[in-house]
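Visitor: Please show me the model, and then explain the terms used for it.

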Amino acid sequence: MQDGEVIIERRGTAAIIRLNRPRALNSLTLPMIRAITAALHDFADDPEVASVVMTGEGERGFCAGGDIRALHESARASDGLAGNFWREEFRLNHMIAAYPKPYVALMDGITMGGGVGLSSHGRHRIVTERMRLAMPETGIGYVPDVGATWLLPRCPGEAGTWLGLTGLDIGAADAIHAGLADLHTASSRLSEVIDALCALPRGSSSGDVDAVLQTLSEPQGESRLRQNAAVIDRAFRFDSVEEILAALAGEEGEFAAETRRVMLTRSPTSLKLALRLLRAGRRSASLAECLGRELGACLQMLNNPDFFEGIRAAVIDKDRNPQWSPASVEAVQAVTVEQFLKPAEPPLSL
């Protein structure tokens with residue numbers, strides 16, 4: 001398939017899936033999710049395919065996540081599209097995590113939300129100097145999803161809690177430090193990476209792919225998250241957002257001050273729910289368990305005023321001035337958070 005929102009091609013022994021909405025930073029639609037899922041099913045059973053490569057068209061973004069404008073419109077219309085999107089997207093995330101063949105994600109440019117789901121669950125995750133990764137959901141009145149509540153609690157120390165609550169973006173060195181990526185390659189060499197994968201023999205193993213990717217990797221530089229790990233671990237070890245904010249206020253330095261300033265701009269309800277989901281994810285036994293819990297929270301989000309307000313401020317009116325309700329962390333009642341933890345009906349089938 002050479003046109004449309006997803007381009008699927010075969011070159012040598014590699015199957016290449018290209019997200020093709022560059023003007024929208026390759027944000028995902030339901031038809032794209034379905035096309036990718038069908039392609040992965042086909043390639044898994046094809047003996048001529050040694051590896052699958054996931055990439056994005058354009059130089060600005062690998063994938064900026066789900067099309068939140070479409071989700072917003074679906075929620076307003078109560079037409080069920082948002083729920084269908086999340087169910088099928090989460091199934092795809094689970095499929096990528098368990099994929100039987102080497103799956104290589106080329107994370108070049110913006111990689112956020114659903115883009116993290118398409119990449120960080122994969123076996124081989126390549127980042128470039130242009131990559132900016134984030135789970136920015138608390139800034140739009142939403143919560144980290146696509147299995148992030150499985151991935152983030154498994155980052156070193158409390159780095160994942162910092163990522164999930166602040167929604168701030170990180171670069172290549174930070175992504176590798178956090179365990180959300182594996183190797184750094186210059187964006188100018190991505191075509192070499194694809195050519196090398198296409199030249200692998202049939203039946204190549206994950207180790208064979210690793211060997212090829214290592215020859216094209218480069219040093220990734222210093223990690224800001226690693227440099228500030230002690231502050232992050234001290235402040236984000238608590239199980240309440242109020243304690244985390246208080247701990248940040250007691251820390252010296254601009255990093256802690258910036259982190260606290262950013263958190264105070266996020267949806268208070270989203271912050272509290274995100275922390276609950278991240279802590280539950282830390283105790284979970286599987287990605288599937290986390291995805292099921294996330295789906296329940298996502299479906300409840302369709303009744304959350306902050307979800308509509310956050311998207312309005314970010315992509316509809318673009319005034320970047322959301323008016324959260326309630327407006328402070330202290331005003332978010334425990335019963336409000338609990339209502340987002342209802343199991344999805346029907347449960348997520350994987």
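Guide: Rings of Phe, Tyr and Trp (its six-membered ring) pair if their centres lie within 6.5 Å; planes under 30 degrees apart are stacked, over 60 edge-to-face, and the rest tilted. Ring pairs link Trp86, Tyr142, Phe307 and Phe308 into a cluster. This is a predicted model, where local features need pLDDT of at least 70 and side-chain atom pairs pLDDT 80 or more, while totals for chains, interfaces and linings use all residues. Residues are numbered from 1 along each chain as its sequence is written, and side-chain values use heavy atoms, with hydrogens and water left out.

Visitor: Why is the aromatic pair of Trp86 and Tyr142 called stacked?

Guide: The planes of Trp86 and Tyr142 are 15° apart and the centres 5.7 Å apart, so the pair meets the cut-offs for pairing and for stacked. Both residues are buried (under 20% relative accessible area; exposed is over 50%, partly exposed in between, with a 1.4 Å probe and protein chains only).

Visitor: What makes Gly207 count as partly exposed?

Guide: Gly207 has 44% relative accessibility, so Gly207 falls in the range for partly exposed.

Visitor: How do you know that the charged end of Arg154 sits over the ring of Trp150?

Guide: The rule asks for NZ of Lys or CZ of Arg within 6 Å of the ring centre and within 35 degrees of the ring normal. The charged end of Arg154 is 3.5 Å from the centre of the Trp150 ring and is listed as sitting over that ring.
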